[in-house]
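Here's a quick walk through one helix pair and one ring pair. Have the model open while you read.

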Amino acid sequence: MVLGGLGAGALAGAISASLEPASPTGAGPFAGWRAVLSDQTFGRAVGFTIAVTVTATAVATVLAVLLAAVLRRRSPSTRSFTAVPVAVPHLVIAALAVAWIGPGGIVERAFGSVPVTLVGDSLGLGIIAVYVVKETPFLALLVLAALGRDTDRLEEAAAAHGAGRMSRLRHVVVPAAAPALAGGAMIVAAFTLGATEVPYVIGPTRPGTIATYALDATRIDGPLATTHQAAALLVVTALAIVLAGVGAALWRVAHRGART
């Protein structure tokens with residue numbers, strides 16, 4: 001209840017800020033929204049943000065399932081080593097990426113050239129790579145936590161009936177881990193939607209993400225900054241709410257499938 005009240009209050013404040021008159025000439029309360037939604041830079045930021053979020057989340061989810069399948073038979077010390085990226089802030093991983101593979105970085109100095117351009121790539125490949133490195137272990141740990149002795153027994157029964165490793169992964173492991181994986185993937189996607197650290201350090205300046213667009217508005221839009229920033233962040237909020245609905249639906253389907 002408390003968190004819900006705080007969230008509702010913050011949302012109401014953002015809506016109020018976005019409806020402030022955009023200029024002292026009486027342009028009206030929706031002038032800020034019109035300015036943001038008609039801005040081509042914002043339109044590109046929306047498309048770029050969705051593309052990066054969907055791609056990073058999908059790749060991290062698939063790799064997390066494969067990583068969890070490998071780690072299940074490994075020692076606790078190996079699992080602990082794999083979990084190291086979870087405790088490292090996104091900003092640190094992004095900074096390390098720049099230091100290693102960025103222009104003038106360690107790899108370029110050692111070998112003379114970098115085969116791929118990740119830092120500042122217009123497609124956001126560097127941003128996606130950082131999120132995949134950071135979030136794959138997190139999702140893999142969620143999968144491992146969801147797999148208990150019942151899953152082991154089901155795998156043994158499937159193996160006794162001739163199911164191979166990939167078949168057991170597809171029909172036993174994935175359904176058992178799906179509820180936790182669906183929830184974790186939505187957390188990753190929601191974070192990616194609103195984060196600014198990695199896009200600023202790794203990503204291209206154009207196009208930016210919705211979050212970086214909102215942050216830039218505070219520096220370049222003068223007296224209109226609050227209105228534009230609030231409108232942009234409300235778009236992020238709307239996308240996050242849609243993701244939450246999708247995640248809840250996926251969780252229900254996955255939970256129902258795991259129970260059957």
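What follows covers a helix packing first and then an aromatic pair.

Keep in mind that this is a predicted model. Start with helix α3, residues 40-71, and helix α8, residues 125-146: their axes sit 7 Å apart and make an angle of about 45 degrees. That makes α3 and α8 oblique to each other, and their crossing is right-handed.

So who's touching whom? From α3, the contact takes in residues including Phe 48, Val 52, Val 59, Leu 63, Leu 67 and Leu 71. On the α8 side, the contributors include Ile 127, Ile 128, Tyr 131, Val 132, Leu 139 and Val 143. Thr 55 and Thr 61 of α3 are also in the contact, as are Glu 135 and Thr 136 of α8. By type, the residues of the contact of α3 with α8 split into 19 nonpolar, three polar and one charged.

Now for the rings. The count comes to two aromatic pairs. One of them joins Tyr 131 and Phe 191: the ring centres are 6.5 Å apart and the planes stand at 85 degrees, over the 60 needed, so the pair is edge-to-face. Tyr 131 belongs to helix α8 and Phe 191 to helix α10 (residues 165-194), so this pair ties together parts 60 residues apart in sequence.

How buried or exposed are Tyr 131 and Phe 191? Here are the two ring partners:

| Residue | Relative accessibility | Class |
|---|---|---|
| Tyr 131 | 1% | buried |
| Phe 191 | 33% | partly exposed |

Tyr 131, then, takes part in the α3 and α8 contact and also in the ring pair with Phe 191.

Note on methods. Residues numbered from 1 in each chain as written. Predicted model: local features only at pLDDT ≥ 70, side-chain atom pairs only at ≥ 80, totals over all residues. Heavy atoms only, no water. Axes fitted to C-alpha atoms, helices over the stretch in contact; angles between N-to-C directions. Helix = DSSP H or I, 4+ residues; strand = E, 2+ residues; numbered from the N terminus. Parallel < 35°, antiparallel > 145°, perpendicular 65-115°, else oblique. Left-handed = near helix turned anticlockwise from the far one by under 90°. Contact = heavy atoms within 4.5 Å. Nonpolar A, V, L, I, M, F, W, Y, C, P; charged D, E, K, R; others polar. Phe/Tyr/Trp six-rings, centres within 6.5 Å; stacked < 30°, edge-to-face > 60°. Buried < 20%, exposed > 50% of the residue type's maximum accessible area, 1.4 Å probe, protein only.
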